[in-house]
Amino acid sequence: MALAAFHGEYCGKTYPQAYTDEEREMMKPYMGDVDRLKYHLEGQKTKGKLLCRAGHIYASIKADGTVTRCGPLSHKPIGNIFTDKNFRLHDKPMPCEAETCPCDEYKWIVDEER
């Protein structure tokens, strides 16, 4: 189990950018691995910069059969397993379309180390 940093607007501030250095240092021991720090706490941008296997070897499927690449892209379906007769996942990793990766789905990002 690991702490997830808040992403969003609260009291006129945008998080995770609005966390103070003191708050960041307090949370770091509970965040988990280095990638989790990078994507959860630091809010590193991923859109268009990185290839991702989400939608290639992994997808999020809702109860109605709607398929999305990942949680941050839940508003952008890539198909439906019940209604799309020829539905298939992507043939290869595709550029990330999410602005940031605040869930653990950053694990599907492709880079030189994986």
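**Exercise 1.** Which side chain meets Glu 97 in a salt bridge at 3.1 Å, N to O?

*Solution.* Remember that this model is predicted. Start with the general idea: side chains of opposite charge can pair when their charged atoms come close. Now look at Glu 97. Its side chain meets that of Arg 69, at 3.1 Å from N to O. Next, place both residues. Glu 97 sits in the loop between strand E7 (94–95) and strand E8 (109–110). Arg 69 sits in the loop between strand E5 (66–68) and strand E6 (79–80). The pair therefore ties together parts that are 28 residues apart in sequence.

**Exercise 2.** Decide for Arg 69 and for Glu 97: buried, partly exposed or exposed?

*Solution.* Use the cut-off: buried means under 20% relative accessible area, and exposed means over 50%. Arg 69 has 3%, so Arg 69 is buried. Glu 97 has 28%, so Glu 97 is partly exposed.

**Exercise 3.** Find what Glu 97 and Lys 76 form, and name the network that results.

*Solution.* The side chains of Lys 76 and Glu 97 meet in a salt bridge, 2.2 Å from N to O. Lys 76 lies in the loop between E5 and E6, and Glu 97 in the loop between E7 and E8, so this pair links parts 21 residues apart in sequence. Lys 76 is partly exposed, at 41%. Shared partners join Arg 69, Lys 76 and Glu 97 into one network.

**Exercise 4.** With which residue does Lys 28 form a salt bridge?

*Solution.* The partner is Glu 25, with the closest N and O atoms 3.2 Å apart. Check the accessibility of Lys 28: the value is 34%, so Lys 28 counts as partly exposed. The structure holds four salt bridges, these among them.

Technical notes. Residues are numbered from 1 along each chain as its sequence is written. This is a predicted model: local features need pLDDT of at least 70, side-chain atom pairs count only at pLDDT 80 or more; totals for chains, interfaces and linings use all residues. Side-chain values use heavy atoms; hydrogens and water are left out. Buried means under 20% relative accessible area, exposed over 50%, partly exposed in between (1.4 Å probe, protein chains only). Helices (H or I, at least four residues) and strands (E, at least two) are DSSP runs, numbered from the N terminus.
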